[in-house]
Amino acid sequence: MQLTTLNDFLVWAESSFLAQNLVFGHGTNNAWDEAVALALSVLKLPPTVDASVGERVLSLEEKKVLLHLMNRRIQEQIPVPYLTHEAWFANLSFYVDERVIIPRSPFAELILNGFQPWLGQRPVRHILDLCTGSGCIAIACAKVFPDATIHAVDISKDALDVARQNVQLHQCEEQVQLIQSDLFSGCGETRYDIIISNPPYVDSQEIAILPPEYRWEPQLALVAGKDGLSIVHQILQQAPKHLTETGLLFVEVGNSMEALLMEYPQFPFTWLEFERGGEGVFMLEAGDTQWQQS
Ligand SMILES: C[S@@+](CC[C@H](N)C(=O)[O-])C[C@H]1O[C@@H](n2cnc3c(N)ncnc32)[C@H](O)[C@@H]1O
């Protein structure tokens with residue numbers, strides 16, 4: 001096949017990806033979008049670019065880079081964002097490498113909606129992003145709430161090094177403070193208006209059968225004991241002490257939602273729905289005594 005335009009590459013990459021039975025779950029869910037993500041990142045174009053860009057004639061150098069990365073995607077089953085070192089979250093571009101998981105949380109939609117309708121008229125002065133990884137959630141919150149201070153916590157120094165790079169990239173050093181801490185232990189006395197967390201929540205059964213693409217991600221970011229809830233148990237226990245009186249807690253638990261409901265049948269969880277897909281995210285209000293007393 002003649003490889004002249006960007007569209008030629010996309011058609012070829014899509015069919016090659018499909019032929020190899022790759023798994024798509026790192027920002028895309030199909031072979032075409034995966035090819036587009038690879039190409040746009042290499043060509044330094046935003047995801048919002050007009051479809052007419054497909055007619056663009058590729059230079060020899062561009063073709064070489066695209067083919068090289070496409071082959072690595074197929075042969076090594078590396079997710080595209082680790083090849084391009086770029087992932088998009090809440091309409092922002094983030095640097096990523098294998099020290100952090102690739103941003104893909106449905107929290108992006110919640111943040112872009114300003115946490116409405118849950119937040120209502122509550123003031124937002126302090127936000128805590130527990131388990132920040134690349135810093136994507138903390139930084140997206142900083143953009144939506146420019147007057148808030150954000151604490152971004154992770155236990156991994158490697159992850160915080162990546163988050164620091166992203167904080168600098170998005171010039172929010174004044175607003176986002178990175179803290180190396182085992183959950184709340186380094187948070188001090190601050191009471192937060194919002195605590196948001198996408199913690200590790202994959203149970204041991206699911207870990208054992210994860211497709212090869214997920215094995216490139218840090219295990220510390222995924223593994224969470226037999227029931228997938230080892231970190232979530234601690235968050236539920238400790239969060240009330242760190243929320244303001246009207247504070248809100250948002251936690252993503254993915255497929256561990258069922259185990260959570262069995263463990264905490266008395267908790268007044270609100271389960272969020274997302275227009276752009278995703279599930280397994282709950283909200284609890286600090287004011288809800290049913291939760292605090294449990
Ligand atoms: C699922 S990743 C989420 C990363 C990022 N928030 C996102 O949504 O892309 C979970 C993160 O939790 C961190 N982590 C694991 N155990 C932790 C703990 N006990 N305290 C703080 N962070 C922890 C991992 O290092 C990892 O970066």
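## A tour from the α1 packing to the ligand shell

Begin by selecting helices α1 and α2, where Leu6, Phe9, Leu10, Ala13, Glu14, Phe17 and Leu18 of α1 are in contact with Ala31, Trp32, Glu34, Ala35, Val36, Leu38 and Ala39 of α2. Sorted by class, this contact between α1 and α2 holds 12 nonpolar residues and 2 charged ones, with no polar residues. Keep in mind throughout that the model on the screen is predicted.

Two packed helices are described by the angle between their axes and the distance between those axes. With α1 (residues 6-19) and α2 (residues 31-42) still selected, draw the two axes, which come within 8 Å and cross at roughly 130°. That angle makes α1 oblique to α2, and the crossing in which α1 passes α2 is right-handed.

Next, keep α1 on display and add helix α3 (residues 60-75), whose axis comes within 11 Å of that of α1 and crosses that axis at roughly 15°. The two helices α1 and α3 are therefore roughly parallel to each other, and here too α1 passes its partner, α3, in a right-handed crossing. To see the residues involved, select Phe9, Ala13, Ser16 and Phe17 in α1, which meet Leu66, Met70 and Ile74 in α3. By class, the contact of α1 with α3 has 6 nonpolar residues, 1 polar residue and no charged residues.

Now move to helix α6, residues 136-144, which is largely enclosed by the rest of the structure because 7 of its 9 residues are buried. The buried residues to select in α6 are Cys136, Ile137, Ala138, Ile139, Ala140, Cys141 and Ala142.

From Ala138, step across to Ile150, which is 12 residues away in sequence and 6.4 Å away in space, C-alpha to C-alpha. Ile150 sits in strand β4, and Ile150 counts as buried because it has 27 C-beta neighbours inside 10 Å, where 20 or more are required. Leaving aside residues up to four places away in sequence, Ile150 touches Ile127, Asp129, Ala138, Cys141, Ala142, Gln175 and Val176.

Finish at the ligand, which is surrounded by 23 residues, and select the closest of them, namely Cys131, Gly133, Ile155, Asn198 and Ala221. The elements that give two or more residues to this shell are α6 and β4 (149-154), so that the helix and the strand just visited both come back into view here. Colouring the shell around the ligand by class will show 15 nonpolar, 6 polar and 2 charged residues.

Technical notes:
Residues numbered from 1 in each chain as written. Predicted model: local features only at pLDDT ≥ 70, side-chain atom pairs only at ≥ 80, totals over all residues. Buried ≥ 20, exposed ≤ 12 C-beta atoms within 10 Å, placed from the backbone. Helix = DSSP H or I, 4+ residues; strand = E, 2+ residues; numbered from the N terminus. Near = placed C-beta within 6 Å. Nonpolar A, V, L, I, M, F, W, Y, C, P; charged D, E, K, R; others polar. Axes fitted to C-alpha atoms, helices over the stretch in contact; angles between N-to-C directions. Parallel < 35°, antiparallel > 145°, perpendicular 65-115°, else oblique. Left-handed = near helix turned anticlockwise from the far one by under 90°. Contact = placed C-beta atoms within 7 Å.
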